[in-house]
Amino acid sequence: MLRRPRRNRNSPTIRNLTQETLVTTRDLVFPLFLLEGSGNRSEVSSMPGIFRFSLDQMLTEIEQCMSLGVKSFDIFPVVEESYKDKMATNSYQKDFFYLKSLAAIKKEFPEAHIITDVAMDPYSVDGHDGIVQDGKILNDETLEVLGKMALAQAETGVDMIGPSDMMDGRVAYLRKVLDENGFTEVGIMSYTAKYASAFYGPFRDALDSAPKFGDKKTYQMNPANRREALIEGQLDFEEGADVLMVKPALAYLDIISDLKETYPLPIAAYNVSGEYAMIKAAGERGWLDPKRSMEESLTAIKRAGADIILTYFAKEYALILKNRQI
Ligand code: PBG
């Protein structure tokens, strides 16, 4: 036999030498859930090991992550029911705890890369990403709310906004609002191909943000569609997105690969809450090795083409790398 592929698998060293993909802490963004108040941390029951933090606790968490080499954070607010309304007005009140906390985080850690979430659902009584009228999600009217939200977030000093709402035209709209207000340096990581997925369940538990009626299928993509992601990619590319994201990650590796091949922009993938929960749950039962499953998943996401991986495993994976001295 001329070709014996096993020769390159003979020892750990040759396996390392020939390894094509290695996930490092530089690739990772850690999503964090922010509580109002202080002295609070509460574990998300469907996401063991993941906590909602009040600002003071979150600063400690960020500090620990930074020292492990994880330097980018996507921060989501946990909003009390009494603060919610139909128009998500608290999302752009300057004294709202989310905005004040973002400013405090950037002040404490100027070198941390902070990403925010732009969508109405955490602040909406309807639990939808856009304005609801007669059971429908309005598109163009929602853009105005998203614009106010994005601007308020940019004013806190964050580095990048993450529109996760899937309204049409929002990247162009938000880019214009940011630029007109002097925030030309604030980036946009667009949730380009965000699918109407069952894998967001634990996240909605964490934020108590599940839709009060219906589902998100009129704005999030149909999981059965592949080519449609290229339309979303093209729009976001033309509208000025800095990063294109695919979400969820593991069931959508083909989409990651397609966007990577088609657009010369960095590609992010969101390894979502349900993907985290599955590994944790099976691990707790002893049905699989959770650490190896985590590493294999992250490696597969990068191998498919993701330059950036948003993952709840970020800190845990960084700890493993540290002990391995990579
Ligand atoms: C909402 C939003 C969701 C996630 C991020 N932003 C949930 C949804 O669209 O219902 C999901 C993240 C996760 O599951 O980890 N705009």
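A polar side-chain atom of Q220 lies 2.9 Å from an oxygen atom of the ligand. K194 also places a polar side-chain atom by a ligand oxygen, at 2.7 Å. For R204, the distance from a side-chain N or O atom to an oxygen atom of the ligand is 2.6 Å. The protein covers 100% of the 400 Å² of accessible area that the ligand has on its own. The ligand is surrounded by 18 residues. The closest are K194, R204, K247, S273 and Y312. This is a predicted model.

**Residues around the ligand**

Several of these residues have other partners too. K247 is one of the closest residues to the ligand. Its charged end sits over the ring of Y200, 4.7 Å from the ring centre. The charged end of K247 also sits over the ring of F203, at 5.8 Å from that centre. K194 is another of the closest residues. Salt bridges with shared partners join K194 to D121, D129 and K216 in one network.

**Aromatic rings**

The structure holds 14 aromatic pairs. One of them is formed by Y276 and Y312. Their ring centres are 6.0 Å apart, and their planes meet at 65°. The pair is edge-to-face, because angles over 60 degrees count as such.

Where in the chain do Y276 and Y312 lie? Y276 is in helix α9, residues 273–284. Y312 is in the loop between β12 (308–311) and α11 (314–324). The two residues are 36 apart in sequence, and their pair links distant parts of the chain.

Are these two tyrosines buried or exposed? Y276 has 1% relative accessibility, so it counts as buried. Y312 has 2% relative accessibility, so it counts as buried as well.

Y276 and Y312 also belong to one aromatic cluster. The other members are F33, F76, Y191, F203, Y270 and F313. F203 thus appears here as a cluster member, and its ring also lies under the charged end of K247. Y312 joins the cluster and is among the residues closest to the ligand.

**Salt bridges**

How many salt bridges does the structure hold? There are 21 salt bridges. Three of them are set out below, with the distance between their closest N and O atoms.

| Salt bridge | Closest N and O atoms |
|---|---|
| E81 and K212 | 3.0 Å |
| K280 and E316 | 2.8 Å |
| R324 and E295 | 2.9 Å |

Take E81 and K212, which form a salt bridge. E81 lies in the loop between β4 (72–77) and α3 (97–108). K212 lies in the loop between α6 (201–207) and α7 (228–239). The pair therefore ties together parts that are 131 residues apart in sequence. E81 is partly exposed, with a relative accessible area of 39%. K212 is partly exposed too, at 47%.

Next come K280 and E316, joined by a salt bridge. K280 lies in helix α9 and E316 in helix α11, so this pair ties together parts 36 residues apart in sequence. K280 is buried, with a relative accessible area of 15%. Helix α9 also carries Y276 of the edge-to-face pair.

Which helices does the salt bridge of R324 and E295 tie together? R324 lies in helix α11, and E295 lies in helix α10, residues 290–304. The pair therefore ties together parts that are 29 residues apart in sequence. R324 is partly exposed, at 40% relative accessible area. E295 has 22% relative accessibility and counts as partly exposed.

**Two residues in strands**

S190 has its place in strand β9, residues 187–194. It is buried, with a relative accessible area of 0%. Its side chain is joined to that of D236 by a polar contact of 2.6 Å.

F30 lies in strand β1, residues 28–35. It counts as buried, at 4% relative accessibility. From F30 to A229 there are 199 residues in sequence. In space, their C-alpha atoms are 25 Å apart.

Definitions and conventions:
Residues numbered from 1 in each chain as written. Predicted model: local features only at pLDDT ≥ 70, side-chain atom pairs only at ≥ 80, totals over all residues. Heavy atoms only, no water. Phe/Tyr/Trp six-rings, centres within 6.5 Å; stacked < 30°, edge-to-face > 60°. Helix = DSSP H or I, 4+ residues; strand = E, 2+ residues; numbered from the N terminus. Buried < 20%, exposed > 50% of the residue type's maximum accessible area, 1.4 Å probe, protein only. Lys NZ or Arg CZ within 6 Å of the ring centre and 35° of its normal. Salt bridge = Lys/Arg side-chain N within 4 Å of Asp/Glu carboxyl O. Near = heavy atom within 4 Å. Polar contact = N/O pair within 3.5 Å; in protein donor to acceptor, adjacent residues only side chain to side chain. Areas by Shrake-Rupley, 256 points an atom, 1.4 Å probe, with all protein chains shown as cover.
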